[in-house]
Each structure stands twice: as C-alpha cells, then as structure tokens.
Amino acid sequence: MARVFVLNGVNLGALGTRRPEVYGTLTLGDIERRLRERFPKVGFEFRQTDYEGEMVGFVHEARESDGIVINPGAWTHYSYALHDALEAVEGVPKVEVHLSNVHAREPWRRHSVISPAVDAVVAGMGPYGYEVAVGYVLGRSETGEVRR
C-alpha cells in the first residue's frame with residue numbers, strides 16, 4: 001500500500017470559515033474524506049500545523065513515504081527552512097498545492113520559494129487540486145520516475 005503525506009501549513013486549519021469566497025467552504029476534514037474515498041488503497045498521513053518547525057519535522061518524517069502533497073500556505077513565499085527540508089527529501093515525489101490561483105491574486109503571492117524544491121505545482125483548482133496532486137505522486141512513485 002502506498003503511503004502519502006498530505007501536509008497543510010499555516011492558517012489552513014481555518015478552511016471552511018476563512019475567506020470562503022477565496023478558499024471555498026470545505027474544511028481540511030472534508031478534503032481528507034474526499035481523498036480517502038477517491039484513493040481507498042492509499043495509506044494517508046494528514047497533518048496540519050501553524051508552526052514552521054513542526055512542518056519541517058513532518059517533511060523529514062515523510063522521507064520514507066511514497067510522496068508528499070504540501071500546501072504550505074503563507075510559508076510558500078518566505079520559508080527557506082521548508083524549502084531546504086523538501087530539497088533534502090530525495091527520491092520522493094513532491095507536489096505543492098494551492099487552493100486559489102495565486103497568480104491571479106496579490107503580486108506577493110506569485111512568488112514561491114518552495115516551488116524549486118518540488119516536482120510539480122497545482123494552483124487554482126480548489127480541493128480538486130489535492131486529488132490531482134495525489135494522482136501525480138502515485139503515478140511517479142509507480143514508475144520510479146522522480147526528479148531528484
């Protein structure tokens with residue numbers, strides 16, 4: 001059974017109530033349920049934290065997994081610690097996910113220090129983006145095709 005970590009960063013615990021016009025009304029629990037239904041043969045590890053050091057620890061823990069799907073939230077734009085942790089996890093497919101289309105929002109949201117350390121980026125697809133990211137990770141891990 002494939003094991004995939006789904007990591008959610010700062011402020012994502014407030015999904016469903018925080019700016020629903022931007023992020024939608026689904027909660028992280030709803031997204032988790034959707035992924036478990038869509039991929040019943042995957043062993044998921046779902047984590048959310050508002051603490052950067054804890055997130056770095058989650059990334060290190062995922063070192064032996066089949067893939068990482070990460071929505072870093074605001075850390076996307078400035079967390080070199082998270083970038084370095086992801087970069088250090090070699091041989092594991094990694095996808096950065098954003099619910100909203102960050103490229104259609106404020107200019108400061110358009111730059112990611114995380115993107116160079118992952119294999120793919122999904123943005124603007126709402127909760128469906130998580131499903132796309134997991135599908136990508138599973139496809140990459142099945143073929144053994146990883147960037148690093």
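**Exercises on a predicted model**

Asp119 is placed in the loop that links strand 4 and strand 5. The model is predicted, so that local features need pLDDT of at least 70 and side-chain atom pairs pLDDT 80 or more, while totals for chains, interfaces and linings use all residues. Residues are numbered from 1 along each chain as its sequence is written, and side-chain values use heavy atoms, without hydrogens and water.

**Exercise 1.** Determine whether Asp119 is buried or exposed, and which backbone nitrogen lies 2.8 Å from its side chain.

*Solution.* Step 1: the relative accessible area of Asp119 is 17%. Step 2: buried means under 20% relative accessible area and exposed over 50% (1.4 Å probe, protein chains only), so Asp119 is buried. Step 3: the backbone nitrogen of Lys94 lies 2.8 Å from a polar atom of the Asp119 side chain.

**Exercise 2.** State the strand order of the open sheet and identify its edge strands.

*Solution.* Step 1: the five strands (DSSP runs of E, at least two residues, numbered from the N terminus) follow the order 2-1-3-4-5 with parallel pairing; pairing requires at least two DSSP bridges. Step 2: strand 2 (42–48) and strand 5 (120–123) are the edges, each pairing on one side only. Step 3: three bridges join strand 3 (residues 67–71) to strand 4 (residues 94–98), and Val69 stands opposite Val95 in strand 4.

**Exercise 3.** Explain where the buried residues of helix 4 lie around its axis.

*Solution.* Step 1: in helix 4 (residues 80–88; a DSSP run of H or I, at least four residues), Leu82, His83, Ala85 and Leu86 are buried. Step 2: they cover an arc of only 165 degrees, taken from the directions from the helix axis to the C-beta atoms, and therefore lie on the same side of helix 4.

How values were computed. Polar contact = N/O pair within 3.5 Å; in protein donor to acceptor, adjacent residues only side chain to side chain.
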